[in-house]
Amino acid sequence: MPATDWFSRERVGRDITRIWEPHVHAYFRSNIFHVRGRDVDLIIDAGMGMVPLRPQLRLQDTKPVVAVATHVHVDHVGGLNEFETRAGHREEAAFFADMADEHTLAHLFRAQPDAVGRSPNAAWSPRAFQIKPAALTRIVAEGDRIETGDRSLRVLHLPGHSPGSIGLLDEKNGDFFAGDAIYRGRLIDDLPGSDVQSYRKTMRRLLHIEFSRAYCGHGEPIDQNELRSIASAYLEGTN
Ligand SMILES: [Zn+2]
Ligand SMILES: [Zn+2]
């Protein structure tokens, strides 16, 4: 299978493309967002890393690229090493340099039956799957901003799913990149590093964030009403 068939993509905004890996098991099939900025392109999350991501992005040679990891889990950081500038939250910063299983949870992927529907190439084996180290070059925290020239995205620290989960909020354009803080489907709060009380706080916070569209770590974009009903349901279902 040619590498170009490994990723699917759709334009989800004027300058935003959603990219995903359809042959990866649904539980690990995450989103990569390419935001084409005036001066800088952003890659928000980087997929599984089984097939090189960067050549698929049609990047301009002269424009800098900043890759942002919403958190250190296996399904979001596999291709991070392909980018020179790599940002992630302080709480997980130490984990990117070695990408140990205990933080990326790559062992859960290796143990997943039918981890992929089709192998990315003939030599690929789930048992040999590993995440390549990708030490952060920029450590971010709540309130920091990531600029593209025509967008300014505010870092929101949204722990619960993982300790250093972040979202990026572009208040001016109403775009919210949510990572695994929230998405359509069952929210995962029982992984090593997950914390239900932190997650509940994050949900209470998300109820008050204003935006038009949320681009989630998994699945399709959602609007503010849907996000608020997911957050409310989580708060009702936990204590
Ligand atoms: Zn995750
Ligand atoms: Zn995920």
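Let me begin with the empty space inside this predicted model, which holds 1 cavity of 30 Å³ or more; a cavity here is a set of points, on a 1 Å grid over the protein atoms alone, where a 1.4 Å probe fits but cannot get out. The largest cavity has a volume of about 30 Å³, a volume being the space filled by probe spheres set on the points.

The residues that line this largest cavity, each with an atom within 4 Å of a point, include Asn31, Phe33, Ile44, Asp45, Thr70 and Tyr215. The elements that give two or more residues to the lining are β3 (31–36), β11 (175–179) and β12 (213–216), and the largest share, 3 residues, comes from β11. Strands, in this talk, are DSSP runs of E with at least two residues, and helices are runs of H or I with at least four, numbered from the N terminus.

As for ground rules, residues are numbered from 1 along each chain as its sequence is written, while chains are lettered from A and ligands numbered from 1 in the order in which they are written. Local features need pLDDT of at least 70, side-chain atom pairs count only at pLDDT 80 or more, totals for chains, interfaces and linings use all residues, and side-chain values use heavy atoms, with hydrogens and water left out.

Turning to the sheet, 7 strands form an open sheet in the order β1-β2-β3-β4-β5-β6-β7, with mixed pairing, where two strands pair if DSSP finds at least two bridges between them. Its edge strands, each pairing on one side only, are β1 (8–13) and β7 (138–140). Within the sheet, β4 (residues 41–44) and β5 (residues 65–68) run parallel and are joined by 4 bridges, and isoleucine 44, which also lines the largest cavity, has valine 68 in β5 as its bridge partner.

Finally, which protein donors does the zinc ion (ligand 1) have? They are His71 (NE2), His73 (ND1), His161 (NE2) and Asp180 (OD), lying 2.0 to 2.4 Å from the ion, where donors are N, O and S atoms within 2.8 Å of the metal (3.2 Å for Na, K and Ca) and water is not among the atoms, so sites may look incomplete. Aspartate 180 also bridges this ion and the zinc ion (ligand 2), the two ions lying 3.4 Å apart. Histidine 71, in the loop between β5 and α1 (74–77), and histidine 161, in the loop between β9 (152–157) and β10 (166–170), are 90 residues apart, and both are buried, meaning under 20% relative accessible area with a 1.4 Å probe and protein chains only.

Methods:
Buried < 20%, exposed > 50% of the residue type's maximum accessible area, 1.4 Å probe, protein only. 1 Å grid on protein atoms, 1.4 Å probe; cavity = no way out; pocket = protein on both sides within 12 Å on 5 of 7 lines; lining within 4 Å.
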